[in-house]
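Me: Could we go through this structure together, one topic at a time?

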Amino acid sequence: MRNIKERIPKHIPYWIFAASVLVGLTLPILIQEGMFMDAMLYTSVSHNLGQGIGTFWFPQFSKLNLYGLSAFHEQPPLVFGIQALFFKVLGDSVYVERFYTFTCLVVTALLIVVLWREIFKKNEEFKGLGWLPLILWITIPVCFWSFSNNMHENTMGIFTLASVYFSYRGLRSQDKNILWFLLAGFAIFLATMSKGIPGFFPLGVPILYWLVFRSISLKEGIYFTLKILFVPFLLYSILFVLPESSQSLSTYLFERALHRINSDPTVSSRFYVFERLVSELIPQILITGLIVFITRKRGYLTKIRENKRDIVFFFLLGISGSLPLVLTMVQKGFYMVPSFPFFGIGFGLILAPMALDLVNFYSSKVKLLLLLSVLVFGGVLIFAGCQIGKISRDKELIQDIKKIGGIVPKYSEVRGSKDLLNDWELQCYLMRYLNISIDKRPTSQFLILKKNLEILNSNSYKKVAIQTDLYELYQKIPVK
């Protein structure tokens, strides 16, 4: 009988530990009620579409929607359509959007591993280190924050990763099969249908590949780029000819995206993205730098240089997905999330020789490492399970919403002040939990005001006797 140590693959404990990190940094928060406002906004639109409210090209947030538009056009419609299918299949629970977000996390992790294995397809030893870029990726703060919320970048990142994988594989193949580049183009189309213009950044893969590897000519790089571009160009040409899709995409592009870029800045300097990118990567930079410094006299620098072209290539890919934000004054940290898998791979390529030696050194203790990793993973799952039913943020607001829902019927409208028309947290939770829209019409049966901040200036309503923290509910007095 073979020794159990020989039957346990030496990388298994590290894979389980990586899974513990992925789950531990996301699931305990994700499984609780409460999400970032943008995430709740997108969830509400998807939830409505899943219930048959709105259409794919003209989804609906509420009766008033946003900015006087008749439909919700803050983002292209693909993510809403995908999530709507989850709601149709899985039902109305608040855990549906959480399951969707966790699914995005798992799919992204799998794609990172697939891409890592493609890099080392001729090196079985390094191929088994796929857990390393996963840990370096998910420990980027805004990255695990994004996957604790239902952000559009989570979905877009799946398609940009897939596009890079298809292009990279096609460029490394002997025959440069056109199918890989067409698939890359289709993935870019899906990415742009998820989040708009930022989804085009994988178009730069062939040019970056020429710049770094020089195994193709610049002319070939341009030719492969045009092959990739052909698919989204063709598909968008068709969509802009069809009346319904053309109207929807034109509204998004010209009335919302370009308008926001020109008139609704979120930062005071275009170079904010540089500062934010470095700050997000500080843990990876410090850990990698420290390990390289400590091991520099052990011959690892020579081993690192063997991967230097791939290291440069993937760092440039990450930069190409982040720094174009400098072109606009609309910048937020989570906009860079689709670029972070490539930074994780880049740092992983630097640390791979040291990590492999570490795995080999402790291979004789694989049974003990397996036991410890299983215990850690089990502890993470138990801790996450204990968070079910808790509220991670907006606790008082969510509690008020549930009490209001005990009085106000679902799918109705309530009257709100001008301030409440811009209270997006309140509107998002009302829509997601109750499908209740805030309206400004005086004929509404119910009225909501901010507690202790707004005074009722009408004799037509009386206060409803419920214990709330942030808002007060009033009901219209019947006319005798």
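The exchange below takes up the sheet, the cores and the aromatic rings.

Me: What kind of model is this?
Reply: This is a predicted model.

Me: Let us begin with the sheet. What is the strand order?
Reply: The five strands form an open sheet in the order β2-β1-β3-β5-β4, and the pairing is mixed.

Me: Which strands stand at the edges, and what does that leave them without?
Reply: The edge strands are β2 (437–439) and β4 (461–463). Each has a single partner strand, so one side of each has no neighbour in the sheet.

Me: How much are neighbouring strands turned against each other?
Reply: On average the angle between neighbouring strands of this sheet is 40°, with direction ignored.

Me: Which helix packs on the sheet?
Reply: That is helix α21 (residues 424–434), which touches β2, β3 and β5 (471–476). The direction of α21 makes about 130° with that of β2.

Me: Now β1 and β3: parallel or antiparallel?
Reply: Strand β1 (residues 413–416) and strand β3 (residues 446–450) run parallel and are joined by three bridges. V414 has F446 of β3 as its bridge partner, and G416 stands opposite I448 in β3.

Me: And how many bridges join β3 to β5?
Reply: Five bridges join them, and the two strands run antiparallel. One residue to look at is L449, whose bridge partner in β5 is E472.

Me: How many residues of β3 are buried?
Reply: Four of the five residues in β3 are buried, so this strand is mostly covered.

Me: Switching to the interior. Which residues touch the most other members of the largest nonpolar core?
Reply: They are W137, F313, F314 and F340, in a core of 136 residues. Helix α18 (residues 340–361) gives the most to this core, with 13 residues.

Me: What does F314 touch?
Reply: Leaving aside residues up to four places away in sequence, F314 touches L115, I119, Y168, F342, I345, G346 and L349.

Me: What lies apart from that core?
Reply: Another core, of five residues, lies apart from the largest one. Among its members are V23, L27, I31 and V380.

Me: Where does W137 sit, and is its helix covered or open?
Reply: W137 is in α7 and is buried there. Helix α7 (residues 131–138) is mostly covered, with eight of its eight residues buried. Those residues include W131, L132, P133 and L134.

Me: Which elements cover the buried residues of α7?
Reply: The covering elements include α2 (12–30), α5 (95–119), α8 (141–146), α15 (282–295) and α18.

Me: On to the aromatics. How many pairs does the count come to?
Reply: The count comes to 35 aromatic pairs. One of them is F72 with F80: the ring centres are 5.6 Å apart and the planes stand at 80°, so the pair is edge-to-face. Both F72 and F80 are buried.

Me: Which example is stacked?
Reply: F186 and F189 form a stacked pair, with 6.2 Å from centre to centre and 25° between the planes. These two residues are three apart in helix α10 (residues 178–195), which means that about one helical turn separates them.

Me: Are F186 and F189 buried or exposed?
Reply: F186 has 40% relative accessibility and therefore counts as partly exposed. F189 is buried, with a relative accessible area of 11%.

Me: Back to F72. Where is its place in the chain?
Reply: F72 lies in the loop between α3 (37–50) and α4 (78–90). Its relative accessible area is 2%, so F72 is buried. Ring pairs link F72 into a cluster with Y42, F61, F80 and W424.

Me: What else does F72 touch?
Reply: Not counting residues up to four places away in sequence, F72 touches L41, Y42, V45, P59, Q60, F61, N65, L66 and F80. The C-alpha atoms of F72 and F58 are separated by 6.6 Å, and these residues are 14 apart along the chain.

Me: Finally, which arginines lie over the face of a ring?
Reply: Two examples can be given. R214 lies over the face of W210, at 4.5 Å from the ring centre. R296 lies over the face of F293, at 4.1 Å from the ring centre.

Terms used: Residues are numbered from 1 along each chain as its sequence is written. This is a predicted model: local features need pLDDT of at least 70, side-chain atom pairs count only at pLDDT 80 or more; totals for chains, interfaces and linings use all residues. Side-chain values use heavy atoms; hydrogens and water are left out. Two strands pair if DSSP finds at least two bridges between them. Axes are lines fitted to C-alpha atoms, for helices over the stretch in contact, and angles run from 0 to 180 degrees between N-to-C directions. Contact means heavy atoms within 4.5 Å. A nonpolar core is a set of buried Ala, Val, Leu, Ile, Met, Phe, Trp, Tyr and Cys residues joined through side-chain atoms within 4.5 Å. Buried means under 20% relative accessible area, exposed over 50%, partly exposed in between (1.4 Å probe, protein chains only). Rings of Phe, Tyr and Trp (its six-membered ring) pair if their centres lie within 6.5 Å; planes under 30 degrees apart count as stacked, over 60 as edge-to-face and the rest as tilted. A charge sits over a ring if NZ of Lys or CZ of Arg is within 6 Å of the ring centre and within 35 degrees of the ring normal.
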